Amino acid sequence: MSRAALDKDPRDVASMFDGVARRYDVTNTVLSLGRDRHWRQATRAALQVRSGHKVLDLAAGTAVSTVELQKSGAWCVATDFSVGMLAAGAARQVPKVAGDATKLPFADEVFDAVTISFGLRNVADQQAALREMARVTRPGGRLVVCEFSTPTSRLFATAYKEYLMQALPRMAEAVSSNPEAYVYLAESIRAWPDQATLAHEISRAGWAAVRWRNLTGGIVALHAGYKPLR
Ligand SMILES: C[S@@+](CC[C@H](N)C(=O)[O-])C[C@H]1O[C@@H](n2cnc3c(N)ncnc32)[C@H](O)[C@@H]1O
């Protein structure tokens with residue numbers, strides 16, 4: 001399977017990411033025009049973790065997002081259901097656990113914070129994943145979702161749509177180990193809910209005080225919330 005469809009069948013998604021794994025990091029940096037580093041740093045800052053905290057980086061892929069979180073001093077574990085992605089990040093010195101976001105292989109309330117970067121959009125049952133993230137987080141613990149979103153300026157949104165549908169797949173042809181997957185990327189970004197709708201979905205899964213912050217004009221949004229205290 002070289003690309004998943006928008007129904008996001010878990011087997012198709014995992015095998016699509018196995019196919020992009022080898023050149024995932026470099027493709028990301030090229031297609032984001034180098035902004036991926038800034039988005040990861042902003043995610044770490046938004047998570048507000050420090051030494052002594054335990055953090056789950058869900059849908060961590062090659063663990064490129066996890067090593068950035070580790071700079072906080074917190075203990076961070078990378079979890080993903082694409083073993084190919086985890087293997088491509090084998091050189092990264094972080095604990096890695098294979099697992100599905102909708103059935104996490106962790107006990108209740110073991111993490112101080114949970115985050116998912118560019119992953120939630122690819123999960124077939126997003127409510128189930130958000131509820132699982134709440135289950136494994138301690139009361140008062142924090143969630144940050146870093147995901148592509150809706151540009152705030154209409155003019156910029158039009159130019160971005162052109163980039164997604166025209167330039168991005170061509171650039172992926174040149175750099176990716178599975179260019180077809182980047183057609184899925186463009187389609188899944190366009191089909192993804194805007195900032196307010198996603199905030200509502202996160203709240204509906206049991207997270208409190210959900211807020212968001214736009215990055216790069218809304219190309220990416222960071223949504224943050226807390227697990228309510230009992
Ligand atoms: C675009 S990559 C993001 C990787 C990394 N977090 C980053 O910031 O670059 C999305 C990842 O989500 C993973 N994924 C999608 N659905 C998943 C699920 N149900 N359970 C676990 N991982 C999943 C994929 O295997 C893939 O590695």
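Let's start right at the ligand: 21 residues surround it, and the ones that come nearest are Tyr24, Arg40, Ala59, Asp80 and Ala101. Keep in mind, everyone, that this is a predicted model.

What is that shell made of? By residue class, the shell around the ligand has 11 nonpolar members, seven polar ones and three charged ones. As for where they come from, three helices each supply at least two shell residues: H1, spanning 10-20, H2, spanning 24-31, and H4, spanning 64-70.

Now to the polar side chains. Which ligand atom does tyrosine 24 approach? An oxygen atom of the ligand, with a polar side-chain atom of tyrosine 24 lying 2.6 Å away. On the nitrogen side, serine 65 places a polar side-chain atom 3.1 Å from a ligand nitrogen. Aspartate 100 does something comparable, if you'll look over there: an N or O atom in the aspartate 100 side chain is 3.1 Å from a nitrogen atom of the ligand. And how much of the ligand does the protein bury? Taken alone, the ligand exposes 600 Å², and 97% of that is buried by the protein. The space the ligand takes is the largest pocket.

Let me bring in the record. An unreviewed UniProt entry carries the annotation "binding site" for Thr62, Asp80, Asp100, Ala101 and Ser117. Of these residues, Ser117 is included in the lining of the largest cavity. Two of the annotated residues, Asp80 and Ala101, you've already heard among those that come nearest to the ligand. Asp100 is annotated too, and we just met its side chain at 3.1 Å from a ligand nitrogen. And where does threonine 62 sit? In the loop that runs between strand E1, residues 54-58, and H4.

That's my tour, thanks for listening!

How values were computed: Residues are numbered from 1 along each chain as its sequence is written. This is a predicted model: local features need pLDDT of at least 70, side-chain atom pairs count only at pLDDT 80 or more; totals for chains, interfaces and linings use all residues. Side-chain values use heavy atoms; hydrogens and water are left out. A residue is near a molecule or strand if one of its heavy atoms lies within 4 Å of it. A polar contact is a pair of N or O atoms within 3.5 Å; within protein, one must be able to donate a hydrogen and the other to accept it, and residues adjacent in sequence count only if both atoms are side-chain atoms. Accessible areas come from the Shrake-Rupley method with a 1.4 Å probe; for residues, only the protein chains shown count as cover. On a 1 Å grid over the protein atoms alone, a cavity is a set of points where a 1.4 Å probe fits but cannot get out, and a pocket is an open set with protein on both sides within 12 Å along at least five of seven lines; lining residues have an atom within 4 Å of a point. A molecule sits in a cavity or pocket if more than half of its atoms lie within 2 Å of its grid points. Helices (H or I, at least four residues) and strands (E, at least two) are DSSP runs, numbered from the N terminus. Ala, Val, Leu, Ile, Met, Phe, Trp, Tyr, Cys and Pro count as nonpolar, Asp, Glu, Lys and Arg as charged, and the others, Gly among them, as polar. UniProt positions are given in the numbering used here, feature names are shortened, and annotations may be inferred rather than shown by experiment.
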